[in-house]
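Dear colleague,

I am passing on the structure we spoke of, and below it you will find some notes on what turned up when I went through it. Please read them with the structure open beside you.

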Amino acid sequence: MKPLSELTRPNILDMELRFHEEYGHDKNTARIFLDKNENPYNNPYNRYPDPTQNELKKKIAQIKNVKLEQIFIGNGADEAIDLIYRCFARPGIDNVVAIEPTYAMYNVCAKINDVEYRKVPLDESFQFKAEELLSASDANTKLIWICSPNDPTGNSMPREEILKTLNMFDGLVIVDEAYSDFSQEMSMLTELDLHPNLLVLNTFSKAWAGAAIRFGMAFAGKEIIDTLNKVKHPYSLNSLTQTKALEMLHEPYETDKWVKIILLERSRMIDAFKMLPFCEKVFPSNANFLLVKFKNAQAVYEYLLKRGIVVKNMSKITLCEDCLRITVGSKGDNNELLSALRQY
Ligand SMILES: *Cc1c(COP(=O)(O)O)cnc(C)c1O
């Protein structure tokens with residue numbers, strides 16, 4: 001890996017980190033707060049949220065078995081994705097490499113940041129080879145995006161190829177594990193101490209069932225996390241979200257229970273889809289959704305919409321021709337979907 005100072009946008013490198021771990025007053029002695037021009041009324045909404053989120057980070061450090069300094073918390077994982085561009089990829093100069101198809105935000109944020117986005121198509125079983133990502137890169141490639149389990153294909157990416165990419169690439173490798181809690185594969189978090197160029201993303205939006213509160217995480221070495229925190233808006237994680245997230249982190253068994261039910265439903269859905277005469281293929285999934293190939297996906301999509309059932313039309317996406325991406329919902333929702341499809 002190149003030194004992080006060489007990978008960081010020069011304007012960001014020059015900045016100071018304002019809200020670090022030790023930021024703030026002594027919680028035990030400070031009593032009266034007249035430093036932020038807050039209004040004394042309307043408690044607790046009158047106070048700015050904690051810009052360090054240390055309480056949350058302590059809890060996450062335990063659950064994920066990482067160090068507090070290796071955790072970044074953002075307003076959804078999407079905030080981390082945008083910040084990674086704004087910290088490391090220079091507009092109009094640098095480029096990034098990503099597997100294709102994958103999560104759309106990597107490309108959206110590349111466009112917003114005026115960074116060239118290079119797509120490396122997956123093979124027909126939706127896998128990639130490290131060499132292919134590396135041959136798409138050059139001296140100005142700062143980031144490689146890998147999503148595992150991948151959205152929209154649902155499969156996990158081969159660990160050896162991710163490790164090879166980490167070893168051979170001298171920029172940063174981001175492994176987006178938004179769906180890892182639905183997968184039996186080992187998380188890349190265990191590699192954090194061994195690979196200084198690794199960033200792992202996760203979110204409360206999927207397995208934790210908290211998409212509404214906007215809570216996402218990035219894990220990496222302290223230097224990378226500090227860089228992200230230099231650029232992050234200090235109060236992007238509002239107090240309501242922090243309070244609710246802390247509450248949810250104290251009941252992780254709830255999440256485990258939901259995930260188990262969703263996985264059972266996923267197997268049931270796979271079997272049911274396979275029975276449909278107009279279903280051509282159900283791709284293997286390690287996530288809470290299924291990529292399903294139909295005889296005429298567009299027509300199936302429109303038919304379901306007329307019945308009030310919304311799935312994701314992927315038929316215009318590379319390698320996903322005639323595919324719909326279908327989230328595994330509640331038992332009731334899944335039954336409605338299946339009965340509509342049986343009447344198609
Ligand atoms: C849903 C999703 C996210 C977004 O996470 P938020 O925390 O809701 O912003 C990130 N990456 C992938 C691959 C996703 O599918």
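The notes that follow deal with one helix and then with one loop residue.

Please keep in mind throughout that this is a predicted model. In helix 5, which covers residues 105-112, the buried residues are Tyr 106, Asn 107, Cys 109 and Ala 110. Viewed down the axis of helix 5, these buried residues fall within an arc of 165 degrees, so they line one face of the helix. As general background, an α-helix has 3.6 residues a turn, so residues three or four places apart point the same way. Lys 111 and Ile 112, on the other side of helix 5, are exposed. The elements that cover the buried residues of helix 5 include helix 4 (77-88) and strand 3 (116-121), together with strand 4 (141-147) and strand 5 (172-176). After helix 5 comes Asp 114, which has a positive phi, near 55 degrees.

The loop residue is Thr 153, which sits between strand 4 and helix 7 (159-168). Thr 153 has a relative accessible area of 1% and is therefore buried, the cut-off for that term being under 20%. Its side chain makes a polar contact with the side chain of Asn 150 at 3.1 Å, and the side chain of Thr 153 also makes one with the side chain of Asn 155, at 2.6 Å. When neighbours within four places in sequence are left aside, the residues in contact with Thr 153 are Pro 101, Leu 122, Phe 126, Phe 283, Pro 284, Phe 289 and Leu 291.

With best wishes

Terms used. Residues are numbered from 1 along each chain as its sequence is written. This is a predicted model: local features need pLDDT of at least 70, side-chain atom pairs count only at pLDDT 80 or more; totals for chains, interfaces and linings use all residues. Side-chain values use heavy atoms; hydrogens and water are left out. Buried means under 20% relative accessible area, exposed over 50%, partly exposed in between (1.4 Å probe, protein chains only). Helices (H or I, at least four residues) and strands (E, at least two) are DSSP runs, numbered from the N terminus. The arc is that of the directions from the helix axis to the C-beta atoms. Contact means heavy atoms within 4.5 Å. A polar contact is a pair of N or O atoms within 3.5 Å; within protein, one must be able to donate a hydrogen and the other to accept it, and residues adjacent in sequence count only if both atoms are side-chain atoms.
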